[in-house]
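Visitor: I have a model open and would like to walk through it with you. Could you put it up so that we are both looking at the same thing?

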Amino acid sequence: MVTLFRQCNMEDADILADFSRQRFYETFASMNTPENMAVYLNEAFAPEKIRAELANPDSAFYFLYADEKLAGYLKLNEAPAQTDVRDAQSLEIERIYVSKDFQGEGLGRYLLEQATSIAMRREKKYIWLGVWEKNEKALRFYKRNGFYPIGAHVFMIGDDEQTDYLMRKDLEG
């Protein structure tokens, strides 16, 4: 099923921005107001913001292709670019996005395995991420894959203050 897993580069910025907007919208639009979604999508996935993130040496994006179609991606952050914990012993998984067309095919698990492998090669002690408290499917997925809660932080969607649970998975080394 997986045909290619590769790190993104600056030439991928527009595709990455469009794909991100589509995935975020299809996942969360039904649980947020149209106004808040528009604000978030325009800020978080603006092409210039994506380019800045691609240029950041402490962040990396990876595309996942399945059946030669872009099926998902992964965004990883080292401590200076992390959204919360900022521990040099850790690697943040800021995003694991899989297109609805490919959900249930094991691609989320594949991306998580790739993130774990990258973290272990970089000799990290753990990986961590934030998950919206209302995203029960994702919470179950991460718990099944060895993550446990370590705290929470605020995540803004427009003017809506939401809670993300911070979850951690310790790595054996």
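Visitor: Leaving aside its neighbours within four places in sequence, which residues is Ser99 in contact with?

Guide: This is a predicted model, and in it Ser99 is in contact with Phe19, Arg23, Glu26 and Ala71, once its neighbours within four places in sequence are left aside. Ser99 itself sits in the loop between E4 and H4.

Visitor: And does Ser99 count as buried or exposed?

Guide: Ser99 counts as buried, because its relative accessibility is 5% and the cut-off for buried is under 20%.

Visitor: What about E4, then: how many of its residues are buried?

Guide: Eight of the nine residues of E4 are buried, so the strand is largely enclosed by the rest of the structure.

Visitor: In what sense does E4 pair with E3, and in what sense with E5?

Guide: With E3 the pairing is antiparallel and runs over six bridges, and there Tyr73 stands opposite Tyr97 in E4. With E5, residues 126–132, the pairing is parallel over three bridges, and Leu91 stands opposite Ile127 in E5. Between E4 and E5 the chain crosses through helix H4, residues 107–121, and this β-α-β crossover is right-handed.

Visitor: Which residue of E7 does Ile127 stand opposite?

Guide: Ile127 stands opposite Lys169 in E7, within an antiparallel pairing of E5 and E7 (residues 160–170) that extends over seven bridges.

Visitor: Zooming out, what is the strand order in the sheet?

Guide: The sheet is open and is formed by seven strands in the order E1-E2-E3-E4-E5-E7-E6, with mixed pairing. Strand E1 (2–7) and strand E6 (148–157) stand at the edges with a single partner strand each, so one side of each has no neighbour in the sheet. From one strand to the next, the twist averages 25°.

Visitor: Which strands does H2 touch, and which does H3 lie across?

Guide: H2 packs on the sheet and touches E4, E6 and E7, its direction making about 100° with that of E6. H3, for its part, lies across E2, E3 and E4 and runs at about 105° to E2.

Visitor: Staying with H3, which of its residues are buried?

Guide: In H3, which spans residues 47–55, the buried residues are Ile50, Glu53 and Leu54. They cover an arc of only 100° around the axis, which means that they lie on the same side of H3. The face turned away from that buried side carries the exposed residues Glu48, Ala52 and Ala55.

Visitor: So what do the buried residues of H3 pack against?

Guide: They pack against two helices, H1 (13–28) and H2 (34–44), and against strands E2 (59–66), E3 (69–77) and E4 (90–98).

Visitor: Switching to H5: which residues are buried there, and which are exposed on the other side?

Guide: Ala138, Leu139, Phe141 and Tyr142 are the buried residues of H5, which covers residues 136–144. Seen down the axis of H5, these fall within an arc of 160°, so they line one face of the helix. On the other side of H5, the exposed residues are Glu136, Lys137, Lys143 and Arg144.

Visitor: What covers that buried face, and what follows the helix?

Guide: The cover over the buried residues of H5 includes E4, H4, E5 and E7. After H5 comes Gly146, which has a positive phi, near 90°.

Definitions and conventions. Residues numbered from 1 in each chain as written. Predicted model: local features only at pLDDT ≥ 70, side-chain atom pairs only at ≥ 80, totals over all residues. Heavy atoms only, no water. Buried < 20%, exposed > 50% of the residue type's maximum accessible area, 1.4 Å probe, protein only. Helix = DSSP H or I, 4+ residues; strand = E, 2+ residues; numbered from the N terminus. Arc of directions from axis to C-beta. Contact = heavy atoms within 4.5 Å. Pairing = 2+ DSSP bridges. Right-handed = clockwise from strand over helix to strand, strands pointing away. Axes fitted to C-alpha atoms, helices over the stretch in contact; angles between N-to-C directions.
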